[in-house]
Amino acid sequence: MRYTSTRSRCFVTSAQAIARGIAEDGGLFVPESFPQIDDAAMEKLISGDYKFRAKTILSYYLTDFTTEEIDRCVEAAYTGTFDDDTPAPLVEVKKNLHLLELWHGPTCAFKDMALQLLPHLLTTAAAKVNDGKKSVILVATSGDTGKAALDGFADVPGTEIIVFYPQNGVSAMQKLQMTTQRGNNVAVCGIAGNFDQAQSGVKTIFSDGAMKDFLAQRKMCFSSANSINFGRLVPQIVYYVSAYCDLVKTGKLRRGEPFNVAVPTGNFGNILAAVYAKKMGIPIKKFICASNRNAVLSDFIATGTYDRNREFFLTISPSMDILISSNLERMLYLLADGDEKVVAEYMAQLKSQGKYTIPSAMLAKLQTLFAGGFCDDAATQATIGKLFQEQHYLADPHTAVAVNVCERYRKATGDESVCVIASTASPYKFAQAVLPAIGEKNLPADGFAMLEMLAAKSHTAIPAPLAALRDAEVLHPASVDPAEMANFIRKTLA
Ligand SMILES: *Cc1c(COP(=O)(O)O)cnc(C)c1O
């Protein structure tokens, strides 16, 4: 299987795609074609466990990895790191509505599903293609990616990891998770700006010639743990395949029966993995793309115009506070039937004017596959409250956005098919927003007292990794202007 850039023809192996993270032309690596799951393979996937499913799907995409390498990577990623042997359990909250809980890993957000695996894939790939160079992982995070990447890469030989986060754009718990990270190869830095500034700063540094020389002199090269790296996407395809297998196995779905998927969306990586699963033969009918008030994606689905020239809002679902949705580029590539010139043109327009419009034929295709919707903070909190009261289910704000949009889609269309909703974070990561939503008016000032209150009220347990932060020391207090990001990197690596 070969990979190419979304912006020009340049064929690479999966190891090269993962080791580099992003293509030379600024485009994203995409597979040349999609492997198909045949009936016999499907049979085995349905009866297999999560690790077996992961190994199978990985082997389809990473054809230049040996079976032993894939086995080793998957075993290391999913052994002893998640709550139990079911890293991605399905919980039916009401008829035909299943929450796919993706937050049972060490940092309590869905990013763990991919980022526990990525360091192993990346070091294996780098050993094949980077002739002994050290991989420097640069991360821009809206909150959850940063911690998940730090946890995955901490003390991994042959790697350094540097994380930038918007200093006022993440929750208190997210910030504490990052600033207390241990490991002798980690650096964490706040920026006085929002996530888009952090992300475009990182993108600029990636393609900066002087910075490349600086790294080359030190026998280092950049790579990315953001969802632009194809190594993040493959592990995410696995849990959609796995959800389908579980639905069939438990009799909730007949083999081949179409179902819908609803995803709280920011950078479009999670929902794109579901699209890739469909391309492999998983019978997904509608992709319900849920945004918060930064509704750039749901507007795009409604109108065909992607326009980032708009007010940026900080919301209670901060991991979706994004106006430049990187992985949409891979979706455009599919919609354009692999015409890289078309994609390059839209990306150029996005860069120069902050917007682009797709033609009506392409929009029709998009709308056949996708339903979009958004909700504000008040509606998000109302959804959390209703789920808690009626279903005794405690959802985090990101998940609640998807539940809200999904339920409105069902009402509006009458489409009551089985729906899998991606549940992307533990509610304990966002206690400050969740507590008032379930009727608690007087919040304690202390973040840990909030966790205890949430535990008492919901009769659930505080996730151990969050409880442990109480006694953790802040090791990374640094914060800089966006223009100073490159200097911070030089200082860190010098
Ligand atoms: C990252 C994140 C999202 C958005 O996922 P994308 O792949 O960027 O669309 C949603 N919810 C949570 C909790 C996240 O951490």
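**Ligand shell and sheet: how the labels are earned**

In this predicted model, the shell around the ligand splits into 5 nonpolar, 8 polar and 2 charged residues.

User: Which residues come nearest to the ligand?
Analyst: There are 15 residues around the ligand, and K111, D144, G266, N267 and T424 come nearest.

User: What makes the D144 pair a polar contact?
Analyst: The cut-off is 3.5 Å between N or O atoms. A polar side-chain atom of D144 lies 2.5 Å from a ligand oxygen, so the pair counts.

User: And what about the backbone of N267 and F268?
Analyst: Same test. A polar backbone atom of N267 is 2.7 Å from an oxygen atom of the ligand, so it is within 3.5 Å. For F268, a backbone N or O atom lies 3.0 Å from a ligand oxygen, so that pair passes too.

User: How much of the ligand does the protein bury?
Analyst: Taken alone, the ligand exposes 380 Å², and the protein buries 97% of that. The space the ligand takes is the largest cavity.

User: Why do β6 and β7 count as paired?
Analyst: Pairing needs at least two bridges. Strand β6 (residues 159-166) and strand β7 (residues 186-191) are joined by 6 bridges, so they pair, and they run parallel. V163 stands opposite V188 in β7.

User: What makes β8 and β15 edge strands?
Analyst: The open sheet has 5 strands in the order β8-β5-β6-β7-β15, with parallel pairing. Both β8 (220-224) and β15 (479-480) pair on one side only.

Definitions and conventions:
Residues are numbered from 1 along each chain as its sequence is written. This is a predicted model: local features need pLDDT of at least 70, side-chain atom pairs count only at pLDDT 80 or more; totals for chains, interfaces and linings use all residues. Side-chain values use heavy atoms; hydrogens and water are left out. A residue is near a molecule or strand if one of its heavy atoms lies within 4 Å of it. A polar contact is a pair of N or O atoms within 3.5 Å; within protein, one must be able to donate a hydrogen and the other to accept it, and residues adjacent in sequence count only if both atoms are side-chain atoms. Accessible areas come from the Shrake-Rupley method with a 1.4 Å probe; for residues, only the protein chains shown count as cover. On a 1 Å grid over the protein atoms alone, a cavity is a set of points where a 1.4 Å probe fits but cannot get out, and a pocket is an open set with protein on both sides within 12 Å along at least five of seven lines; lining residues have an atom within 4 Å of a point. A molecule sits in a cavity or pocket if more than half of its atoms lie within 2 Å of its grid points. Ala, Val, Leu, Ile, Met, Phe, Trp, Tyr, Cys and Pro count as nonpolar, Asp, Glu, Lys and Arg as charged, and the others, Gly among them, as polar. Helices (H or I, at least four residues) and strands (E, at least two) are DSSP runs, numbered from the N terminus.
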